[in-house]
Amino acid sequence: MDKELIKLFTEKIDDGRYSLEAVIIKTQEGINLYLGGGELSHIGSVAISTPRESLKGDGTISCTTSVYNCISHKDDALAVPLAEEISKKSNRTVVVTAGVHIEKATQEEITRLQNNFLNLKKRILEILQI
C-alpha cells in the first residue's frame with residue numbers, strides 16, 4: 001500500500017477565456033476534484049459518485065451519483081460524467097466540484113469548452129493512472 005496519505009495534482013488546458021483547470025486530491029480511498037475555468041471559476045455544482053457492483057449482475061463496476069446544483073447553474077453537465085467515469089475506473093468514491101462560466105456563451109463557445117473538457121479529462125485519467 002502506498003504510504004502517502006494524500007497526493008495533490010493540478011492540470012490545465014490553457015486557452016484564454018476557454019481555459020479549464022483541475023485540482024485533484026487523491027487519498028487512499030477517494031478522490032476530490034475541483035474543475036473551474038472560463039471567465040469565472042466558481043462553485044456551481046457538486047457530484048459525488050460511489051462505486052458499486054453493476055445492477056446487471058455481471059461483476060462490472062458501476063456507481064451511484066448524487067448531485068447538488070446551485071441555483072441557475074448547469075455545471076453538473078461537467079461534474080457528473082467526470083465523477084462517474086473516475087469512480088468506475090478507480091473503484092473509489094469521487095467528489096467533483098465544478099464551476100465554469102462564460103457570459104452569454106454561444107453554441108460555438110460551449111463546443112470549444114466541451115472539447116477542452118474532454119482533453120482535460122483525458123489528462124486527469126492519465127495522472128490518476130486509471
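This text describes a pair of helices and the largest pocket of the structure shown above. The model is predicted, and residues are numbered from 1 along each chain.

The helix pair is a convenient place to begin. The axes of helix 1 and helix 2 come within 12 Å, and they cross at roughly 25 degrees. Because angles under 35 degrees count as roughly parallel, helix 1 is roughly parallel to helix 2. Their crossing is right-handed. On the side of helix 1, the contact is made by Leu78, Leu82, Glu85, Ile86 and Lys89. Helix 2 contributes Phe117, Lys121, Ile124, Leu125 and Leu128 to this contact. By class, the residues of the contact between helix 1 and helix 2 comprise 7 nonpolar and 3 charged, with no polar ones.

Attention may now turn to the largest pocket. This pocket holds about 530 Å³ of space. Its lining consists of 17 residues, and those nearest the centre of the pocket are Lys74, Asp75, Val100, Ile110 and Leu113. Three elements give two or more residues each to the lining: helix 1 (76-90), strand 6 (93-101) and helix 2 (107-128). Both members of the helix pair thus appear among the elements of the pocket lining. Helix 2 supplies the largest share of that lining, with 4 residues.

The chemical character of the pocket can be described in the terms already used for the helix contact. Of the residues that line the largest pocket, 10 are nonpolar, 5 are polar and 2 are charged.

Definitions and conventions. This is a predicted model: local features need pLDDT of at least 70, side-chain atom pairs count only at pLDDT 80 or more; totals for chains, interfaces and linings use all residues. Side-chain values use heavy atoms; hydrogens and water are left out. On a 1 Å grid over the protein atoms alone, a cavity is a set of points where a 1.4 Å probe fits but cannot get out, and a pocket is an open set with protein on both sides within 12 Å along at least five of seven lines; lining residues have an atom within 4 Å of a point. Grid points are joined across faces, edges and corners, and a volume is the space filled by probe spheres set on the points. Ala, Val, Leu, Ile, Met, Phe, Trp, Tyr, Cys and Pro count as nonpolar, Asp, Glu, Lys and Arg as charged, and the others, Gly among them, as polar. Axes are lines fitted to C-alpha atoms, for helices over the stretch in contact, and angles run from 0 to 180 degrees between N-to-C directions. Angles under 35 degrees count as roughly parallel, over 145 as roughly antiparallel, 65 to 115 as roughly perpendicular and the rest as oblique. A crossing is left-handed if the near helix is turned anticlockwise from the far one by less than a right angle, and right-handed if clockwise. Contact means heavy atoms within 4.5 Å.
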